[in-house]
Amino acid sequence: MNNHPFSRRDLLQRAGGGFGALALSALMERDSHGTSSLNPFAPKTPTLTVGGKAKSVIWIFTNGGPSQVDTWDYKPELAKRDGKALDGFDPKTGFFPGSVGGLMKSPFKFAQHGQSGTWCSELFPQTSRHVDKMCFIHSCWTGSNNHSPALFMMNTGATRMGYPCVGSWVTYGLGCESDSLPSFVVMSDPKNRGLPKGSASNWGAGFLPSVYQGTWLKPSGKPIDNLDAPSSLTPQRQRAQLDLLAKLNRSALAQSPIESELNARIESFELAYRMQTAAPEAFDVANEPEHIKKLYGLDKPHCAHFSAQCLMARRMVERGVRFIQLYSGGMENQQSWDGHNDIIGNHSGFAAESDQPVAALITDLEQRGLLDDTLIVWGGEFGRLPISQKAAKPGRDHNPHAFTVWMAGGGVRGGYHHGETDEIGFKSVVDRVSVHDLHATILAAVGLNHEKLTFKFQGLDQRLTGVENPQIVKQVFG
Amino acid sequence: MERGLVTFQKDIVPLLKTHCLKCHGADATKGDLDIATREDLLRGSHNGPVVVAFDAAKSVLIEVINHTKEPNMPKDKPKLSSESIAKLTSWINDGGPYAEPLIAGRKPKRDPTKVTDEDRQWWSFLPLKDKAATPITPAEGAKKIDEMLLAKAKSKGLTFNPKADPATLVRRMYLDLTGIPPTPEELQSAIRNPQSEIDKLLASSRFGERWARHWLDVARFAESTGFEQDYDRPFAFHFRDFVIKALNSDMPFDQFVKWQLAGDEWEPSNPLALAATGFVGAGVFPSQITANEVERTRYDAMDDMLSTTGAGLLGLSVGCARCHDNKYDPIPARDYYQMLSTFTTTTRMNVDIHPDGKITPAITTMAKDKSTKPIEGATRMMICGEGYDPIVMHTQGGPFFDQTFFLKRGNPDLKDGEAKQGFLQIFARPGDEKRWQWSPPEGAKYSGRRRTLSNWITDVDHGAGALLARVIVNRLWQHHFGTGIVSTPNDFGRTGNAPTQPELLDWLASQLIANGWKMKPIHQMILLSQAWQQSTKRDAAKEAADPGNELFMYRKPQRLEGEAIRDSMLAVSGMLDSTMFGPGTRDENSKRRSIYFNIKRSQLIGSMVAFDAPEPLVSQGARPTTTVAPQALILMNSAQARGWAESLAKRVSDVSDVGQRIKDAYRICFSRAPRADEIASGKAFVESQRTSYAAEKKPNAEALAMADYCQVLLGLNEFVYVN
């Protein structure tokens, strides 16, 4: 079996073939999504027509909670009321009830960009050149003022631990286009600044079968475990092992009542064999042409780490990876966008790390004709308060009441601004968008109906978006 | 009302049918609002009542159609005419009567706030049929199991497969009961009388290590807090040890349950009983809690305790009633909060157990200098109960509140009176409470509420004991056959699957109770049955007649769980370290059985997760069996798998003849001799690999080639599937 005797199509149809085989109990009974294949990753056709046309998602998770009023939500009134107290403010809104300061104008300059005249802060000189392809939701709000629950909320739709994340739902709903790469990949900060709070639970599959959990690429060393053969095993010798394995396995196949499951296991070794070369190839940005490396900023020490991750994201999208989540920033405080102190230093730093790579990602996907197929989401777990958090260099505390998320690609409406916060950017007031609404919209962007994408667990048809009638933000799709 | 009835026919029916019924009763029930019958209309939506009879001004329905309140209705459609609104308003002011349902023949839905005798007729809530069962011998029990299965299969004309051959049977027994295959010597001695091997294996300490793992899934057991920092719970492993010990000693299941819920109240000075309470405390808990999250977090923690109790012990989604009355099962939200109050003052605590038996609190705070220093000779243990110092996290509030309230929609800001302890009305008649009520002795540090709960849950005649017994015997069956008689082991309610052999399930539950809740007699009966002992030989006609194998007239090979795969590989490679108990490790190079892996929620053991070990967040009744590439990568490339293969190769290389080595390896790995073609392809492979290594001038070409071969054997389907 030196050459794999099946085409990819055969492989997926055999299904069992592919590398399928959630046990029957898992798939036939528990999978109410109606897939008939044994292969948990067999590509599935989306059914929703109201939404976008994205095939892949790249979610740039600005961890820690960027300040809306210092980034994409321009508030001239806040400048006018700079230094005034915010009457009636509940000091428990943020994390530090004892450090409540007065209203604080944005220390960053704003200017209008693009045909849409979108106001952008000076933090993003390069990304702001793309505003006419970006769609802004200014009226997001969430249910927690604390990182971990808010991260869980943003990723899984629940403030509690243990629910499946958006990436898991999407791969459960759509399967994977690649037969040699993981379907859902997560990249975290490679600069030793920690993981988002709650770490792996943010990309966990919860009650969905664990095959749908995110594959976290280790930021240092080998990104995926067990991709390299033991030192003595050359590819030829390992090939010989797999040939013997297949031969011995096949001899016992036909007599078994679980033939397709056993067959699937044979195929899984073949897939693993291919993955050993396919995965490192996908993650390796070294062979990209110079102009592409430059475009992303790989030559610049302050952003090279994020440039590489954005470039890897593009390479994975090209190779059929379904969902990629990329964390900007490490754990909290000054390690991430969590600018409790020194909002100027904090946000300048993380914006500078990510601005050029993100802008390059949009440019690059577009020039390859991939932007329409790829939804980019940019946002964090909550926003920040328009008042200052008192410190030698003032910062801003957490704000669950308002934050901005933008999307680009995947058929979203460029230059469009949805919803509004109040005049100082404290609370979302017009066309409020809950996290469940946002999730319903992201699912719609990839053609999934959030009401139909269910999984039976604990006696209920569970879904990502809960029961409180979340709404797709249809305007996002023009 | 009279006037209302007239308008209903003339004006209201067309209005409601045109504008409302499609989404609220006919095609869907959006927002849980169903207007098809008056009863359903008056019950309202998930946000509460929408119509107050005789009071349109207080009726949300009028506000939303007037567009004075969101969501404006009819949704995404023009506002109704003022004339129509006026008609609806006056109809409500007339009491909102219906002359008939809006959909012909529609009956009002069950009132989910009430539990009726009809609700109690659901199969899993009924009393056991044979209340006065007497214990019978395992052999008789096995016969009875077979009779009941055959009786059902008769309709399709099916009977059991022939018995598996003795070697296969012995291997199956070993893997099922101990998670490790027999050595060639064990096989040799067992093959003469496989039946008697069952008792030996049930008495082996490996039995508890194998079967405790099944229970740890149910108990969502882990040894860290989860959430942001995922702090270790370094003294939580005592619960895992308790489960192993309890199963090995065949602790009666009712006692097993009583101790897990309230060991500190049953036997406050017995360390094993204290360790058992780890069941209640194994769930996640945040380590950083802001002021406005303190109360919600506490309700979440109690919900975790109650939901695990409900799903794990009773197979009921009790947790579903947190936000609203359970729509499917007769579990009103009131029942939920009354039961929740059991845990009002229950927290995780560390205690020190001194050599003389004295138990003292081990104060544990995030500030280490304020915590109790380790005490010479004492064992520190995490328990979950009342009376010692709660473990303190970074919180802007206290460890618990003195009262539990009824909450509307699960929201701590919407309190609706204090909830005092009570139980599910399905299994509790008014006045029965005192049967279970236990008041702690004077001066005790605990409330007695958990012991009271444990009395109710194990009471077969008046409480939930019959269901408790059904759920556990179903779990035993499931692990012996791959599927339970109820295939949804954590859901015995209306959303679960019905039992395929209800009489058999009932009978097994009665036998469990008749045997003093001891589980080993049930294991014996099952393993002695023809059903369990039949071969996995394929029979196309049977598969066609019963594709789901619901009749159990053939046997499907089961894939071993990740733990058993790894343990078996350690065993055949001769590397297994059989040290029992104590703190675990996260080092994949450990040679101890996998149940001794330390389970940290943010750093789960990769090889276990790859083979479908669940995330320990909520009670899990059944693992999926996936077949994915990362599993193959582990067997092909991990240092551990390679190490096991090398060790196995060494083990069989005492003899120089490669053919003999292959024979020995097959006996060790597969409990059988290889066929001639298997020997031939093995020899050809070893020779070819040896030549390849020799060409590179590797000094140990032969050993490397043999290791390559053994690695293939460990990867074979036959190794990971139990035939």
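Hi everyone, let's start inside chain A: of its 478 residues, 62% are buried. Please keep in mind that the model on the screen is predicted.

Staying with chain A, let's look at how it is built. Chain A has eleven helices and 18 strands. Its radius of gyration is 23 Å, close to the 23 Å that the globule rule gives for 478 residues, so chain A is as compact as a globular protein of that length. If you draw a box along the principal axes, the C-alpha atoms of chain A fill roughly 80 × 50 × 40 Å. And which residues do the contacts bring together? Take the contacts in chain A between residues at least 6 apart in sequence: 75% of them join residues at least 24 apart.

Now turn to where the two chains touch. How many residues of chain A are in contact with chain B? The count is 64 residues of chain A, in contact with 69 residues of chain B. On the chain A side, the elements giving two or more residues are helix H2 (24-29), helix H4 (147-156), helix H6 (235-251) and helix H7 (259-283). That side of chain A divides into 30 nonpolar, 24 polar and ten charged residues.

Next, two helix pairs in chain B. Two packed helices are described by the angle between their axes and the distance between the axes.

The first pair is helix H5 (residues 138-153) and helix H20 (residues 520-528) of chain B, whose axes come within 7 Å and cross at roughly 55°. Angles from 35 to 65 degrees count as oblique, and H5(B) and H20(B) are therefore oblique to each other. Their crossing is right-handed. Find B:Pro138, B:Ala139, B:Gly141, B:Ala142 and B:Ile145 in H5(B); they meet B:Pro521, B:Gln524, B:Met525, B:Ile526 and B:Leu528 in H20(B). The residues of this contact are eight nonpolar and two polar, with no charged ones.

The second pair is helix H28 (residues 676-695) and helix H29 (residues 701-715) of chain B, packed at an angle of about 135° with their axes 8 Å apart. H28(B) and H29(B) are therefore oblique to each other, and this crossing is right-handed. Among the residues making the contact are B:Phe685, B:Arg690 and B:Tyr693 of H28(B), and B:Glu702, B:Leu704 and B:Asp708 of H29(B). Here the contact residues divide into nine nonpolar, two polar and three charged.

That's the tour, so do ask if you would like to see any of these helices again!

Key
Residues are numbered from 1 along each chain as its sequence is written. Chains are lettered from A and ligands numbered from 1 in the order in which they are written. This is a predicted model: local features need pLDDT of at least 70, side-chain atom pairs count only at pLDDT 80 or more; totals for chains, interfaces and linings use all residues. Two residues are in contact if their C-beta atoms, placed from the backbone, lie within 7 Å. Helices (H or I, at least four residues) and strands (E, at least two) are DSSP runs, numbered from the N terminus. Ala, Val, Leu, Ile, Met, Phe, Trp, Tyr, Cys and Pro count as nonpolar, Asp, Glu, Lys and Arg as charged, and the others, Gly among them, as polar. Axes are lines fitted to C-alpha atoms, for helices over the stretch in contact, and angles run from 0 to 180 degrees between N-to-C directions. Angles under 35 degrees count as roughly parallel, over 145 as roughly antiparallel, 65 to 115 as roughly perpendicular and the rest as oblique. A crossing is left-handed if the near helix is turned anticlockwise from the far one by less than a right angle, and right-handed if clockwise. The radius of gyration is taken over C-alpha atoms; the globule rule is 2.2 Å times the number of residues to the power 0.38. A residue is buried if 20 or more other C-beta atoms lie within 10 Å of its own, exposed if 12 or fewer, and partly exposed in between; C-beta atoms are placed from the backbone.
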